[in-house]
Amino acid sequence: MRITHKQLLGLPVETTDGEILGKISDFEIDIDSQTIVNYRVKSGSFVKNLIQQKELIINRSQVVDITRSKMIVQTGLDKEWVKRHKVRVVAPS
């Protein structure tokens with residue numbers, strides 16, 4: 001299956017446990033391999049975005065499945081896994 005950038009942006013993201021994380025707001029591409037490396041996810045709540053002003057960066061290795069209706073990512077990541085895969089939460093500058 002293929003999906004366009006227009007279909008990818010705004011796609012809901014949830015964990016394998018069903019926790020809703022937000023929607024894909026952007027993504028990063030490795031130009032050498034021409035693959036998506038990270039997905040940027042913002043909370044679906046406008047108020048939460050104003051208060052926390054953070055986005056979640058999800059590494060492609062965390063993605064369990066992508067359909068036309070949502071992206072599903074791994075649940076319960078341990079700190080070592082997060083450190084190895086450089087998953088982080090960043091505040092916009």
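A salt bridge here means a side-chain nitrogen of Lys or Arg within 4 Å of a carboxyl oxygen of Asp or Glu. Keep that cut-off in mind for the close-ups below, which all show a predicted model.

**View 1. Lys-70 reaches Glu-14 in a salt bridge.** The closest N and O atoms of Lys-70 and Glu-14 sit 3.4 Å apart, so the pair passes the 4 Å test. Lys-70 belongs to the loop between strand S5 (63-66) and S6, while Glu-14 is part of strand S1, so the contact ties together parts that are 56 residues apart in sequence. The two ends differ in cover: Lys-70 is partly exposed at 28% relative accessible area, whereas Glu-14 is buried at 18%. By this rule, the whole count is 3 salt bridges.

**View 2. Glu-28, Arg-40 and Glu-55 are joined into one salt-bridge network.** Arg-40 meets Glu-28 side chain to side chain, with 2.9 Å from N to O. Arg-40 lies in strand S3 and Glu-28 in strand S2, so this pair links parts 12 residues apart in sequence. Arg-40 also bridges to Glu-55, with the closest N and O atoms at 2.5 Å. That second link runs from strand S3 to strand S4 (residues 55-59), across 15 residues of sequence. How covered are these side chains, buried or partly exposed? Arg-40 is buried, with a relative accessible area of 19%, and Glu-55 is buried too. Glu-28 is partly exposed at 23%.

**View 3. Strands S1, S2 and S3 pair through two hairpins.** S1 (residues 12-15) and S2 (residues 20-30) are antiparallel, with 3 bridges between them. Here Glu-14, the salt-bridge partner of Lys-70, has Ile-20 of S2 as its bridge partner. The hairpin has 4 residues between the strands, and Gly-18 takes a positive phi near 90°. On the other side of the story, S2 and S3 (residues 35-42) run antiparallel and are joined by 7 bridges. Asp-30 pairs with Thr-35 of S3. The S2-S3 hairpin also has 4 residues between its strands, and in this one Gln-34 takes a positive phi near 55°.

**View 4. Ten residues make up the largest nonpolar core.** Its members are Leu-8, Leu-11, Val-13, Ile-24, Tyr-39, Val-41, Ile-58, Val-63, Met-71 and Val-73. S3 and strand S6 (71-73) each supply at least two of them. Nonpolar side chains tend to be buried together in soluble globular proteins. Pick Ile-24 and you'll find contacts with residues including Leu-8, Leu-11, Val-13, Tyr-39, Val-41 and Met-71.

**View 5. Val-41 is a buried residue of strand S3.** Its relative accessibility is 2%, so Val-41 counts as buried. Beyond its neighbours within four places in sequence, Val-41 contacts Val-13, Ile-24, Glu-55 and Ile-58, among others. Measure C-alpha to C-alpha and Val-41 is 8.8 Å from Pro-12, though the two are 29 residues apart in sequence.

**View 6. Asn-38 is a polar residue tucked into strand S3.** Asn-38 counts as buried because its relative accessibility is 8%. Its side chain makes a polar contact of 3.3 Å with that of Asn-59. Other residues that Asn-38 touches include Phe-27, Glu-28 and Ile-58.

Definitions and conventions
Residues numbered from 1 in each chain as written. Predicted model: local features only at pLDDT ≥ 70, side-chain atom pairs only at ≥ 80, totals over all residues. Heavy atoms only, no water. Pairing = 2+ DSSP bridges. Core = buried A, V, L, I, M, F, W, Y, C linked by side-chain atoms within 4.5 Å. Buried < 20%, exposed > 50% of the residue type's maximum accessible area, 1.4 Å probe, protein only. Contact = heavy atoms within 4.5 Å. Polar contact = N/O pair within 3.5 Å; in protein donor to acceptor, adjacent residues only side chain to side chain.
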